[in-house]
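Subject: Structure handover

Hello,

Here is the structure we talked about. Please open it and keep it on screen while you read the notes below.

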Amino acid sequence: MNILVIGLNHKTAPIEVREKVAFDGPKLGEAIKLLKGSHVVKESIILSTCNRVEIYAGVSDIDSGVEGIKGFLADFHKVQRDLLDRSLYIHKGADAIRHMYRVASSLDSMVVGEPQILGQLKDAFDLALENKTTGVILNKLMRKSVSVAKRIRTETKIAESAVSISFAAIELAKKIFDDLASKSFMLIGAGEMAELAAKHLINCGVQDVLVTNRTIARAEELAHEFHGKVVPFESFVTELQHTDIVICSTGAPHYILLKDQVHKTMKERKQKPMFIIDISVPRNIEPQINDLANVYLYDVDSLQGIVETNIQERAKEADKAERIVDEEIGSFLQWSASLTATPTIVALRNKAEEIRKTEFEKTLKKLGPIEEEKIKAIEYLTISIVNKLIHPPTTVLKEENENRDELIAVIKKLYGINGEEE
């Protein structure tokens with residue numbers, strides 16, 4: 001059986017095209033059942049995310065498989081074939097295996113190292129298993145893809161560094177404070193990035209949350225979402241003495257927090273560290289605040305610098321990951337090739353078992369009445385001898401790569417095996 005991947009992603013198709021061929025909700029279950037009924041596709045898995053739609057397939061004939069899957073996509077989504085032809089990529093054999101490993105490991109993702117794709121791939125596999133659309137080949141390949149992804153995360157640092165402003169801010173906070181859960185946090189303003197950073201902080205365990213905003217209704221809305229308290233915008237500076245982490249993102253065109261104010265606050269805090277993130281553009285926090293002892297101020301440019309450094313680090317780690325992918329492709333191909341020997345191995349075992357049982361029963365008749373324990377001992381002896389005799393040729397058939405076909409022919413001739421058994 002041949003392995004085939006046909007799909008499109010954020011690199012080959014704009015969102016307008018990806019939307020047309022996405023299998024969302026009930027469509028996915030309907031599609032996988034229809035594809036199962038196709039006479040050219042033996043095994044299949046459909047992966048559909050916001051960035052990619054891919055069909056992983058096991059097919060008897062590559063050309064028929066490609067045409068069959070393209071036709072299926074065009075018919076199911078009622079899209080023009082030329083649109084698909086301009087957008088689809090097709091990977092076959094070893095290239096298909098490489099692609100699957102790279103997708104599972106997020107090497108093919110918009111953000112290299114992002115973890116969501118592996119979960120989405122597992123969900124796609126679970127749906128295929130539920131609908132019985134996979135077999136020996138895709139089951140092995142998908143499980144191997146998960147294993148490769150885990151190996152890459154273990155042996156490289158591809159997912160360790162933050163590659164978004166909001167995550168970078170939280171990573172910095174973790175370096176300043178050992179235990180985020182015990183820290184207090186104030187959100188000033190309601191910018192999108194600041195709100196996202198606030199969500200990350202809360203996910204890290206921060207519970208003491210204050211929210212302030214010029215529009216009180218918006219402050220109340222966010223406070224409700226974060227299970228926090230509203231602080232009137234006019235008095236937020238007073239509350240800073242109780243605040244360890246500040247994230248600021250307002251639309252004000254000037255500084256709303258000055259060095260003198262924070263200097264006073266630090267005295268009231270008895271110089272306990274304060275971490276301030278100013279994501280506002282223009283900046284809302286006076287930069288000279290960073291000169292104060294125990295105050296750590298970062299603006300959007302400094303955070304972006306950290307993000308860019310981290311992206312470069314991930315790119316270096318991606319090179320290591322690609323080498324792991326190369327190693328693992330060889331391992332799968334060797335296993336796949338060994339499948340051609342499986343019918344002969346099964347036939348050899350059946351032949352040996354047939355001879356063993358015949359000779360065992362003949363011997364029992366000659367021995368006459370005999371104790372049950374001795375019968376079991378003799379049967380165990382015959383099984384043991386047969387297993388030891390067929391183990392060497394079985395192992396060679398599985399492990400030999402270059403001359404496997406010749407070996408299969410020799411084994412068949414030596415043992416008088418004519419047919420093959422699945």
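Start with the open sheet. Its 6 strands come in the order β7-β6-β5-β8-β9-β10, and they pair in parallel. The edge strands are β7 (229–230) and β10 (295–299), each paired on one side only. Keep in mind that this is a predicted model.

Next, look inside that sheet. Strand β5 (residues 184–189) pairs with strand β8 (residues 245–249) in the parallel sense, over 5 bridges. There, F185 stands opposite I245 of β8.

Two helices to find on this sheet:

- Helix α9 (residues 192–203) packs on the sheet and touches β5, β6 (208–212) and β8. Its direction makes about 160 degrees with that of β8.
- Helix α13 (residues 300–338) also packs on the sheet, touching β9 (274–278) and β10. The angle between the directions of α13 and β10 is about 80 degrees.

Now go to strand β1 (residues 2–9). How many of its residues are buried? The count is 7 of 8, so-called "mostly covered". β1 pairs with β3 in the antiparallel sense, over 8 bridges. V5 has Y56 as its bridge partner in β3. β1 also runs antiparallel to strand β4 (residues 89–92), joined to it by 4 bridges. In that pairing, I6 stands opposite I90 of β4. A general point helps when you look at strands: in a regular strand, side chains alternate between the two faces of the sheet.

Helix α2 (residues 26–36) is a good one to turn around on screen. L28, A31, I32 and L35 are buried in it. Why do they line one face of the helix? Seen down the axis of α2, the buried residues fall within an arc of 95 degrees, so they sit along one face. P26 and K33, on the other side of α2, are exposed. The cover over the buried residues of α2 includes β2 (41–48), β3 (52–59), α3 (62–77) and α6 (116–130).

Last, α3 itself. This helix has 16 residues. From first C-alpha to last, α3 reaches 22 Å, close to the 22 Å expected at 1.5 Å a residue. Its buried residues include I62, V66, I69, F72 and L73. Check both ends too. At the start of α3, a side-chain oxygen of D61 comes to within 3.3 Å of the backbone nitrogen of D63. Just after α3, K78 has a positive phi of about 55 degrees.

Best wishes

Terms used: Residues are numbered from 1 along each chain as its sequence is written. This is a predicted model: local features need pLDDT of at least 70, side-chain atom pairs count only at pLDDT 80 or more; totals for chains, interfaces and linings use all residues. Side-chain values use heavy atoms; hydrogens and water are left out. Two strands pair if DSSP finds at least two bridges between them. Contact means heavy atoms within 4.5 Å. Axes are lines fitted to C-alpha atoms, for helices over the stretch in contact, and angles run from 0 to 180 degrees between N-to-C directions. Buried means under 20% relative accessible area, exposed over 50%, partly exposed in between (1.4 Å probe, protein chains only). The arc is that of the directions from the helix axis to the C-beta atoms. The expected span of a helix is 1.5 Å times one less than its number of residues. A polar contact is a pair of N or O atoms within 3.5 Å; within protein, one must be able to donate a hydrogen and the other to accept it, and residues adjacent in sequence count only if both atoms are side-chain atoms.
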